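Student: I have a model open in front of me, and I would like to learn how to read the sites where its ligands sit. Could you walk me through it?

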Amino acid sequence: MMTEIRNDWTIKEVNTLYNKPLLELVFEAASVHKEYNTPGEVQVATLLSIKTGGCSEDCSYCPQAARYNTDVKVHKLLDVDTVLESAKAAKDAGSSRFCMGAAWREVRDNRDFDKVLDMVKGVNDMGLEVCCTLGMVNEEQAKKLKEAGLHAYNHNLDTSDEYYADIITTRTYNDRLDTLDNIRKAKLSVCSGGIIGLGETHDDRVKMLHTLSTLPQHPDSVPVNALVPVEGTPLENQPRVSVWEMIRMIATARILMPKSRVRLSAGRIMMSEEEQALCFMAGANSIFSGEKLLTTPNNELNNDQKLFDTLGIIPMKVDKKVKEVEQV
Ligand code: SAM
Ligand code: DTB
Ligand code: SF4
């Protein structure tokens, strides 16, 4: 019998899973992963910052907030052609998903949004899965993005409801959940996850995983980021999280949300090949590849291809179906 897909997990159950002995947890996650996905298939996504820096928000981890003094090179929205060239290069290099990020608090109905809609159309026409992360959106904007050909929208919960106000004061957890609702209503694929290493407790991680896995539908993708501490941000001196904590998060997410793509996201550049292999074993089946995430360095595609060869991993093909994840 297949392990059932559930969105009625209790905090206690999530807590018990999260606190299992690590190897037992990884073994269970690997078994669930094998039931629902093709192990050895990993999605390769490429990120591009289409509008960098100058953001009005105060997310304490983010180098793009205008109020912090960081080295980020601020630029306004890129031209459509420049973005399409980047998308083509990503496709040629073997990426199947192209994700465009903008340092905006929210989408506004103006000419910049029209330009983003053109970018979405162009990238979709290339046959790539297009993803955007543009801050908060209302239902009408989400629908416009969908009509332009957008496949997925990334909007992270980042941490627990309780810890959120310690990290960001310029918006609330409910604002985040409302945007996730709007994305779902527009029938876009939902991408939502979080960051570890913000100074949160284990309970905060458990609560975030509980919130994600009890949404009306599991997010289709769940990025797990390790904080990249950036000079000039309030979290610049946060100690690096141990790789074991990343593995624990990935494995727990995999068991809670068997069909979602669990993405080993920021922080991968700090990991050895062996450490990454353990993350794949624990159920991670998506990565960002390419020399940059949004503003910080990332693993080069060439090296990732070598690692894939070593581990016998095959890059996932484009899949534009929005999964209707059946829930009980
Ligand atoms: N402005 C939009 C928003 O906040 O949703 C989109 C871009 S924002 C940079 C996308 C995500 O990047 C954030 O939600 C956060 O999870 C992640 N992020 C930003 N800075 C990070 C850092 N220094 N380390 C790890 N993840 C980070
Ligand atoms: C996600 O969860 N991680 C990516 C993507 N979604 C947009 C962003 C990570 C950003 C890391 C810091 C930077 O490069 O600016
Ligand atoms: Fe702005 Fe997004 Fe960075 Fe927050 S995470 S400061 S909203 S770009």
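Tutor: Happy to! Keep in mind that this is a predicted model. To list the neighbours of a molecule, we call a residue near if one of its heavy atoms lies within 4 Å of it.

Student: Which residues are around ligand 2?

Tutor: The neighbours of ligand 2 include L47, P63, T133, N154, N156, P223 and N225, along with F288, L293, L294, T295 and T296. Sorted by class, this shell has six nonpolar, six polar and no charged residues.

Student: How do I read polar contacts, and which side chains does ligand 2 meet that way?

Tutor: Look for a pair of N or O atoms within 3.5 Å. An oxygen atom of ligand 2 is 2.7 Å from an N or O atom in the T296 side chain. For N225, a polar side-chain atom is 2.8 Å from a ligand 2 oxygen, and for N156 the distance from a side-chain N or O atom to an oxygen of ligand 2 is 2.9 Å. The protein covers 88% of the 410 Å² of accessible area that ligand 2 has on its own.

Student: How many residues surround ligand 1, and which are the closest?

Tutor: There are 16, and the closest are Y61, N156, D158, R176 and V228. The shell of ligand 1 has nine nonpolar, five polar and two charged residues.

Student: What polar contacts does ligand 1 make?

Tutor: Side-chain polar atoms of N156 and R176 each lie 2.9 Å from an oxygen atom of ligand 1. A polar backbone atom of W104 is 3.1 Å from a nitrogen of ligand 1.

Student: Where does each ligand sit?

Tutor: Ligand 2 sits in the largest cavity, and ligand 1 sits in the largest cavity too.

How values were computed. Residues are numbered from 1 along each chain as its sequence is written. Chains are lettered from A and ligands numbered from 1 in the order in which they are written. This is a predicted model: local features need pLDDT of at least 70, side-chain atom pairs count only at pLDDT 80 or more; totals for chains, interfaces and linings use all residues. Side-chain values use heavy atoms; hydrogens and water are left out. A polar contact is a pair of N or O atoms within 3.5 Å; within protein, one must be able to donate a hydrogen and the other to accept it, and residues adjacent in sequence count only if both atoms are side-chain atoms. Accessible areas come from the Shrake-Rupley method with a 1.4 Å probe; for residues, only the protein chains shown count as cover. On a 1 Å grid over the protein atoms alone, a cavity is a set of points where a 1.4 Å probe fits but cannot get out, and a pocket is an open set with protein on both sides within 12 Å along at least five of seven lines; lining residues have an atom within 4 Å of a point. A molecule sits in a cavity or pocket if more than half of its atoms lie within 2 Å of its grid points. Ala, Val, Leu, Ile, Met, Phe, Trp, Tyr, Cys and Pro count as nonpolar, Asp, Glu, Lys and Arg as charged, and the others, Gly among them, as polar.
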